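User: Could you take me through the sheet in this model, and then through whatever pocket goes with it? I'd like one connected walk rather than a list.

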Amino acid sequence: MKYVMFICTPVGGEELSPEEIAHDPRFTSYIDEVRTRGVVKGGARLRPATDATTVRVQGDEVLLSDGPFVESKEYVAGFDIVEVADLDEAIALASRHPAALGGGSVEVRPVWE
């Protein structure tokens, strides 16, 4: 089954650049594991929530606002698409993600296929 793992970072928390992640042993060991296993099917590191634009439509009017769509303690910093046997395996993988271990969270959601 395919799952999306939304990587959530605490607002005001440490924001690592892609270069910093590439040299951080917490991330490099995790990335090496999932690549070796071949379970990651896609994903991306997102720019900070401050770079987001939220689009809403009310009637014929398109409304834009800067920033994420809700006020929250965390924001989505990236996502991975993984293909694993079942939800238990996806949860086990998410529980080892550096974001989950570092004070953030990883939301695991099945993909409609």
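Analyst: Let's start at one spot on the sheet: Cys8 stands opposite Ser105 in E6. Keep in mind that this is a predicted model. Cys8 falls within strand E1, residues 2-10, and E1 is joined to E6 by six bridges, with the two strands running antiparallel.

Zooming out, E1 and E6 belong to an open sheet of four strands, ordered E2-E5-E1-E6 and paired antiparallel. Strand E2 (40-45) and strand E6 (105-110) sit at the edges, so to speak, each pairing on one side only. From one strand to the next, the twist averages 20°.

The sheet also has a helix packed on it: H3, residues 87-94, which touches E1, strand E5 (74-83) and E6. The direction of H3 makes about 30° with that of E1.

Now for the pocket. The largest one holds about 680 Å³ of space and has 29 residues in its lining. Nearest its centre are Ile7, Ile21, Phe27, Arg45 and His97. Two of those names take us back to the strands: Ile7 lies in E1 (2-10), and Arg45 is in E2 (40-45).

As for the wider lining, E1, E2 and E5 each supply at least two residues, and so do helices H1 (18-23), H2 (25-37) and H4 (98-101). H2 gives the most, with six residues. By type, the lining of this largest pocket divides into 15 nonpolar, eight polar and six charged residues.

Technical notes:
Residues are numbered from 1 along each chain as its sequence is written. This is a predicted model: local features need pLDDT of at least 70, side-chain atom pairs count only at pLDDT 80 or more; totals for chains, interfaces and linings use all residues. Side-chain values use heavy atoms; hydrogens and water are left out. Two strands pair if DSSP finds at least two bridges between them. Axes are lines fitted to C-alpha atoms, for helices over the stretch in contact, and angles run from 0 to 180 degrees between N-to-C directions. Contact means heavy atoms within 4.5 Å. On a 1 Å grid over the protein atoms alone, a cavity is a set of points where a 1.4 Å probe fits but cannot get out, and a pocket is an open set with protein on both sides within 12 Å along at least five of seven lines; lining residues have an atom within 4 Å of a point. Grid points are joined across faces, edges and corners, and a volume is the space filled by probe spheres set on the points. Ala, Val, Leu, Ile, Met, Phe, Trp, Tyr, Cys and Pro count as nonpolar, Asp, Glu, Lys and Arg as charged, and the others, Gly among them, as polar.
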